[in-house]
Structures are given as C-alpha cells and as structure tokens.
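Q: Could you take me on a close look at how helices pack against each other in this protein? I am in my first year, so please go step by step and then show me what surrounds that part.

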Amino acid sequence: MRRCVYLFKQSLRCSSSKMAAGENSNRAPCLNFPNCGPLGNAQPSNSAHSSPTSNGGSMGSTDGASRAAGNANTHSGPDASGGADVAVRASPITQNSRRQSASQNAMAALAPTAVGGTPASASNMTATSAATASSVDTSASLSSVVNSTASSASVLVFREPVYNWQATKSTVKERFAFLFNNEVLSDVHFLVGKGMGVQRIPAHRFALAVGSAVFDAMFNGGMATTSTEIELPDVEPAAFLALLKFLYSDEVQIGPETVMTTLYTAKKYAVPALEAHCVEFLKKNLRADNAFMLLTQARLFDEPQLASLCLENIDKNTADALAAEGFTDIDLDTLVAVLERDTLGVREVRLFAAAVRWAEAETQRQQFQPTPENKRRVLGKALSLIRFPLMTIEEFAAGPAQSGILTDREVVSLFLHFTVNPKPHVDFIDRPRCCLRGKECSITRFGQVESRWGYSGTSDRIRFSVNRRIFVVGFGLYGSIHGPTDYQVNIQIIHTDSNTVLGQNDTGFSCDGSPSTFRVMFKEPVEILPSVNYIACATLKGPDSHYGTKGMRKVTHEAPATGTKTCFTFCYAAGNNNGTSVEDGQIPEVIFYT
C-alpha cells in the first residue's frame, strides 16, 4: 500500500522538463502519452483490447494559464488531463478492470471533490486504488502486484483529475469539442472496424442524437438500444472519428485516403452537411486519373451531381482517363454508362483496346481464364456499344478483327461494311461520337430548292471561311427527286492552302424523295479556325437529286442564348466541282458546334 502511494505521489512530482529531456531518476517514471485530443485533452485508448480510459479532461494550449493557476500538479505534455486511473501497456493484472461498463468509466472520470471543487485528498485516491487492486486479485498482496507489473515493463499510473474544466470553455462549441473522443461523461462506446483493427471509441448519446436522426432513433426511438457497447464492423475507425469530430465541433477532417469512407459513414448516419463537404472535396480533387474511380463511387452512393462532373471530365480527357490504373477497377454498369455516351473524345479503336484491358482484369476478378470467349462474356452489353463502323478498315483489321472477341459473322459483316456499296446492315452503332458540349448549330446557304442535279463521279465543292473558331461535325445534303433512295457519299473538309484533308467519312444516307436536307456526319469533329480558307467536299453516287438556288455569299448564325454571331463566307472553289458554286448546287447546309 505504501509503495503504491509512493508511486502515485512521485509520478505527480515528475517535472515536465525531465520528461522532455528523458532524464533518468530513481523515482517512478513520468509518462508522456502520445495521443492528444481536441483542445489538449488526452485521448482514451481506442484499442478494443485495452481498458477504456477515464479521462478527467484537460485544457488545451489556449487554456494553459488557467490550467497552471488551477492545478499545480497537472502533467505537462499531451497527457495533461489528470484523469482517474489509467493503465499504460497494462499488465494482466489490470485487464479485468478494463471490462467495467461505460457508465462506471464516466463516473470514475468525475472523481469525488471536496467543498469548493478542491481535488479529493491523496488518501481518498489511495483508498480507491487499493480497492481496485483488491478487486483484481484478492489473494495477491499489493507489493507482489507492483513487482509483477514492473517485471512485465508495464506501469500503473494514477492521475489526479482536473475539476471545473467547464469553466475554462467559454462557448458551447468549445465544451462539446472537448468531449469529442473523450471518456468524460461518456455513456456509450462503439467498437468500430474489424479484426485486429477494431477501435473502442467513447461517445455521448445526447451529442450524437442532436446531430443525426439515425443516432436519435438508435438511442431514443421505439426500438432504442440499451447496450453501452455497439459494434460497427462495416465502418472504418478513421471515418467514424471524422463523423464524430463533425458532430461535436463542426470541424471537417477528410483527406484523399478517408473521403470515400467518410462519405459512406455520413450517408449511413444521415448527416447531409458532412456529405456535402465530402462531395465538395471530391469535386476539387477530380482529375482524369481518378475520374473513373470517383464515378464508380458516385454511382454507388447515389451522388448524381458528382457523377455528372466525372462524366464531363472523362469526355474532355478520355484518353488520359482510359489510361489511368483505376479504369480497370470499375464495374460493368459504369463501363456501359461511359460507352453509351456520344461525347467521348477518343477514337473507337482506343475505346476497344481499353475495353479489352478491362475485360482481362474482370476475368481475373471472376477467376476465369483470360480467353477471348471469356472476355466477350464479361464484356456483355458493353461490346455492342463500341462503334466498330467508325474505325478505318486498317484499324479494324489490325485490332478487333484479330482479337477473337468478335464472332466470324461479325468480322465478315464489318469488312463488308467497310468495302462494299450499298453497305450491309451491321449490329453495331455507326453514329459518330461528338466530343463537343453545347447546342448543335447549322446554317443554310440557299434560299430556294430546285430539281435535277446529276452525278458522274465528280465532287461537289465549295470554299468557305468563318469569323470565329468552330467545329464542323457534318453536312446537310439534298436527296433524290425520284422518291426513297439510298446514296453512297464521301464527305471531306480540306485545308485550302496545304490541300490537307482534315476530316472525312465514307458513308451513306437514305432519303425519302422530299426536298429536305439529309444529315451526313464526320467520324470526328473538324476544327475550323477563323479567317482560314477551307473546302467542303461531297462526292455522291446515286440518282439525280434536288439542288439549291439563290445562294448567299455570307450567312450569319446568331446564338439565341448569348447573341454570339458566327459568320460564314462562301466562295467559288476552283477546279472540278460538279457545277456547285455560291449561287447554286449541293452542300446546302453546314452542321457545327461553337
């Protein structure tokens, strides 16, 4: 008994300077606890395998003057709480005391005080410690307890509690922040995580119920729990602590490693304000190399705004997003959602290569052999969303045709689509993707439509320029005067000065015999720079068609929303042009984005 009191007194007398310097002494060592809680209070041991610490609660560095005046015996360093009995690297002797209930811990943290708030006498503390030791092992003498503790390199430390801590906290926020992850007044504990990673976290029912409807129902609803220990195996300890930190103090503690688990926890416990902080963090850190990963999580957590931002990022940086490591980790539904988009800015052959990479990873996840048949199996609907007709015949022959993923029938039909006219039907989408966002625009350069424009293999051509940067995605062409007919057509845009073909498509279209225009689109948008001359070219193969007259040299398009004007200037294209000019001919319509 005397030895225990001696250890207790000596530990209180240990100076902070000797602790910092690590000075050796014959007296009991003064321990510096490593984990400091909010506002300076010592954190409890969060290990589920150690005893709940009863923390009397200390003041932080901002309250240092008050602490020094009110408690001369307060320890220096992070563990300045002066709480009730704390076991550090506890020996087997102290393990039974760790199993006391949460309510007993809270009561022990608020040790009895004399009149005027003066700390209880050392004799009272000695009696308390003796009773604790007696309850652990009534057959062992106190000296043998101390010896066995010392022999196992464990020290039993008694701290004098700090009283009247409430007076040093001037606001409700400070008082609640002080209680975060603190045994003081705690009336419930959570066992968070799985296996050896479980942490035992103290909390306060009232504080949780005020901040979360889920916790309110858990503690106060019709089927409220009476347990003082609640297991949460599906929640990460760091995420749960971030949630509690927010509920107690409105402080947000999230980072790249914890934001997704924190978002999950905030959704589980219905804390929308923290959800919003997590989503905002993700928006600010959205990049091409993590867009697919965040898209998967946004779809999983039903965050449509975040999902939309991820898709926009993928549209703008498709090649970089596909090359990122996280792409192969997405689920099939996310892959399908991306391949369905018309706004991806990448060639179809690269989309196919990325889909094959994903299929290889998916076969491994499902423990299949990475054979072409199994790759096709895991791709499912995604394979039909790759637009093979938009590839060149060289791209198709070098990649998809030799992959073994397509059937022989599909390969043959696609080769026929590339090489013969009229083109046979294929089971894949042939609608071009457009990597541009915004509203599609078009201009018409003729004022009247007439009949009978013939074709003999010569291209219809017209030169043009614009006053601002645009992207041409296709032309509108006239169709047959003899009723419904199919045409084969090659469209091009040529840079006049260098005679370079900037974009082309060898395709076809069907008309209904009306004088309307029919859309023929490029495989990819063609960038048109201001004040540069280009030639629009269309080579049709089919019966006589309608044609335009009363052509205009200048045509202006004004955006309804912004009033922005795009001015086209048309000129005669020298050389063979099948008779098309500014005044009459083919290529009546240009389809573009600004």
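A: Let's start with one pair: helix 13 passes helix 16 in a right-handed crossing. Please keep in mind that this is a predicted model. Two packed helices are described by the angle between their axes and by the distance between those axes. For this pair, helix 13 covers residues 291–300 and helix 16 covers residues 332–339, and they pack at an angle of about 110° with their axes 10 Å apart. That makes helix 13 roughly perpendicular to helix 16, because angles from 65 to 115 degrees are put in that group.

Which residues make the contact between the two helices? From helix 13 come Phe-292, Leu-295, Thr-296 and Arg-299, while helix 16 brings Asp-333, Thr-334, Ala-337 and Val-338. An α-helix has 3.6 residues a turn, so residues three or four places apart point the same way. Keep that in mind as you read through the residue numbers again. By class, the contact of helix 13 with helix 16 divides into four nonpolar, two polar and two charged residues.

Now for a second pair. Helix 10 (residues 237–249) and helix 12 (residues 272–284) have axes that come within 10 Å and cross at roughly 120°. Helix 10 and helix 12 are therefore oblique to each other. Their crossing is right-handed. Here Ala-242, Leu-243 and Phe-246 of helix 10 meet Ala-273, Leu-274 and His-277 of helix 12. Five of the residues in this contact are nonpolar, one is polar and none is charged.

Helix 12 also takes part in a third pair. Its axis and that of helix 11 (residues 259–268) come within 9 Å and cross at roughly 155°. Helix 11 and helix 12 are therefore roughly antiparallel to each other, because the angle is over 145 degrees. This crossing is left-handed. On the side of helix 11, the contact is made by Val-259, Met-260, Thr-262, Leu-263, Ala-266 and Lys-267, and on the side of helix 12 by Leu-274, Glu-275, Cys-278, Val-279, Phe-281 and Leu-282. The contact of helix 11 with helix 12 has nine nonpolar residues, one polar residue and two charged ones. Look for Leu-274 in your viewer: it is among the helix 12 residues that contact helix 10, and it is also among those that contact helix 11.

Helix 10 has another partner too. Helix 7 spans residues 172–179, and its buried residues are Ala-177, Phe-178 and Leu-179. These buried residues pack against helix 10. After helix 7 comes Asn-181, which has a positive phi near 55°.

What lies inside, then? In soluble globular proteins, nonpolar side chains tend to be buried together. The largest nonpolar core in this model has 81 residues, and those with the most contacts inside it are Phe-190, Leu-208, Phe-215, Phe-240, Tyr-269, Leu-379 and Phe-388. Leu-208 makes a good place to zoom in. Leaving out residues up to four places away in sequence, Leu-208 touches Phe-190, Ala-203, Phe-215, Phe-219, Leu-244, Leu-247 and Tyr-248. There is also a second, separate core of 34 residues, including Tyr-455, Tyr-547, Phe-568 and Phe-570.

Strands deserve a glance as well. Gln-488 lies in strand 10 (residues 485–495). Gln-488 is buried, with a relative accessible area of 12%. Apart from neighbours within four places in sequence, its contacts are Asn-421, Pro-422, Lys-423, Thr-507, Gly-508, Thr-539, Leu-540 and Lys-541.

Two further residues make a nice comparison of backbone and surroundings. Most residues other than glycine have a negative phi. Lys-550, in strand 14 (residues 545–551), has a positive phi of about 55° although it is not a glycine. Ile-587 likewise is not a glycine and has a positive phi of about 55°; its place is in the loop between strand 16 (565–571) and strand 17 (589–593). Are they buried or exposed? Lys-550 is exposed, with a relative accessible area of 59%, whereas Ile-587 is buried, at 1%.

Finally, step back to the whole protein. Its secondary structure comes to 22 helices and 17 strands, and 48% of its 594 residues count as buried. Among contacts between residues at least 6 apart in sequence, 74% join residues at least 24 apart.

Definitions and conventions. Residues are numbered from 1 along each chain as its sequence is written. This is a predicted model: local features need pLDDT of at least 70, side-chain atom pairs count only at pLDDT 80 or more; totals for chains, interfaces and linings use all residues. Side-chain values use heavy atoms; hydrogens and water are left out. Helices (H or I, at least four residues) and strands (E, at least two) are DSSP runs, numbered from the N terminus. Buried means under 20% relative accessible area, exposed over 50%, partly exposed in between (1.4 Å probe, protein chains only). Axes are lines fitted to C-alpha atoms, for helices over the stretch in contact, and angles run from 0 to 180 degrees between N-to-C directions. Angles under 35 degrees count as roughly parallel, over 145 as roughly antiparallel, 65 to 115 as roughly perpendicular and the rest as oblique. A crossing is left-handed if the near helix is turned anticlockwise from the far one by less than a right angle, and right-handed if clockwise. Contact means heavy atoms within 4.5 Å. Ala, Val, Leu, Ile, Met, Phe, Trp, Tyr, Cys and Pro count as nonpolar, Asp, Glu, Lys and Arg as charged, and the others, Gly among them, as polar. A nonpolar core is a set of buried Ala, Val, Leu, Ile, Met, Phe, Trp, Tyr and Cys residues joined through side-chain atoms within 4.5 Å.
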